[in-house]
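Here is a quick walk through one protein model, for anyone who wants to get their bearings before going to the bench. Take a look at the sequence and the structure first.

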Amino acid sequence: MTLTGQLDPRFSEATAPTPWGEVEAALVGATGYQLTTVRADGRPHVTPLVGLWTGEAFVFCTGPDEQKARNLGHGPHTAVTLGSGAWDDGLDVVVEGAAERVTGGPELRRLADAFRAKYGSAWDFENDDESFDPQGQRALVYRVVPAKVLAFAKSPHGQTTFRP
């Protein structure tokens with residue numbers, strides 16, 4: 001996926017949008033992300049987690065009884081965020097979209113291999129057609145295809161919006 005962003009001059013000192021390549025590099029290179037889902041009563045739920053940027057979508061896994069999985073049972077709306085934690089350095093990224101379950105043995109195997117390649121043996125999954133680790137602490141796999149991506153550059157400050 002290669003996108004062209006639009007710089008929002010209301011929130012920007014920068015004179016050009018952040019290039020998609022920089023945003024994608026941040027998404028690929030991050031090892032920790034924040035996921036926001038929405039509870040049945042409308043309250044947000046934010047949690048740190050590991051995940052993958054596949055070039056088209058963000059992928060994560062969660063136990064079927066975890067709060068984020070229960071929230072996704074009520075509605076798919078999510079936001080995935082990452083950032084430097086600094087006000088004046090780095091790049092913060094927000095991916096907004098709908099989470100959808102990923103199933104199918106070959107696709108889950110491909111994603112399990114990608115998790116292992118990125119995170120090592122700590123995230124080494126077997127899979128069946130429905131989940132990671134089917135004989136252990138079963139983990140459902142979700143894909144968030146972006147509806148909108150926001151990039152917040154910090155030196156100089158600039159807000160770039162990407163719409164696939």
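In which helix do Glu107 and Arg110 lie, and how many residues apart are they? Both sit in helix 3, 3 residues apart, which is about one turn of the helix. Keep in mind that this is a predicted model.

**Helix 3 and its charged neighbours**

Helix 3 covers residues 105–119, so to speak 15 residues in all. From first C-alpha to last, helix 3 reaches 21 Å, close to the 21 Å expected at 1.5 Å a residue. Its buried residues are Gly105, Leu108, Leu111, Ala112, Phe115 and Tyr119. Seen down the helix axis, these buried residues fall within an arc of 130 degrees, so they line one face of the helix. They pack against strand 2, strand 4, strand 5, strand 7 and strand 8. Over on the other side of helix 3, Pro106 and Ala117 are exposed. Just after the helix, Gly120 takes a positive phi of about 80 degrees.

Back to that pair: the side chains of Glu107 and Arg110 meet in a salt bridge, at 2.8 Å from N to O. Both residues are partly exposed, Glu107 with a relative accessible area of 23% and Arg110 at 43%. They don't work alone, either: Glu100, Glu107, Arg110 and Arg143 are linked in a network of salt bridges. Arg143 has its place in strand 8, and its side chain makes a polar contact with the side chain of Glu107 at 2.8 Å. Among the other residues that Arg143 touches are Phe58, Val59, Ala98, Val102 and Leu111.

**Salt bridges**

The structure holds 12 salt bridges. In general, side chains of opposite charge can pair when their charged atoms come close. Here are some of the pairs.

| Salt bridge | Closest N to O distance |
|---|---|
| Arg10 and Asp8 | 2.6 Å |
| Glu66 and Lys68 | 2.7 Å |
| Glu107 and Arg110 | 2.8 Å |

How do the partners sit? Arg10 is exposed, with a relative accessible area of 66%, whereas Asp8 counts as buried at 12%. Glu66 is partly exposed at 37% relative accessibility, while Lys68, at 8%, counts as buried.

**The strands**

Is strand 9 mostly enclosed or left open? Strand 9 runs over residues 157–162, and 6 of its 6 residues are buried, so it is largely enclosed by the rest of the structure. His157, Gln159 and Thr161 point one way, Gly158, Thr160 and Phe162 the other way, and all are buried. Strand 1 pairs with strand 9 in the antiparallel sense over 2 bridges, with Gln6 and Thr161 as bridge partners. Strand 8 also runs antiparallel to strand 9, joined to it by 6 bridges. Ala153 partners Gly158 there, and a hairpin connects strand 8 to strand 9 through 2 residues.

Strand 2 (residues 33–38) tells another story: Tyr33, Leu35 and Thr37 make up its covered face, while Gln34, Thr36 and Val38 make up the uncovered one. Strand 2 pairs with strand 3 in the antiparallel sense over 6 bridges, and Val38 has Pro44 as its bridge partner. The hairpin of these two strands has 5 residues between them, and Gly42 takes a positive phi near 95 degrees there. Strand 2 also pairs with strand 6, again antiparallel, over 3 bridges; here Leu35 partners Val80.

Key. Residues numbered from 1 in each chain as written. Predicted model: local features only at pLDDT ≥ 70, side-chain atom pairs only at ≥ 80, totals over all residues. Heavy atoms only, no water. Buried < 20%, exposed > 50% of the residue type's maximum accessible area, 1.4 Å probe, protein only. Helix = DSSP H or I, 4+ residues; strand = E, 2+ residues; numbered from the N terminus. Pairing = 2+ DSSP bridges. Polar contact = N/O pair within 3.5 Å; in protein donor to acceptor, adjacent residues only side chain to side chain. Contact = heavy atoms within 4.5 Å. Expected span 1.5 Å × (residues − 1). Arc of directions from axis to C-beta. Salt bridge = Lys/Arg side-chain N within 4 Å of Asp/Glu carboxyl O. Lists of a residue's contacts leave out its neighbours within four places in sequence.
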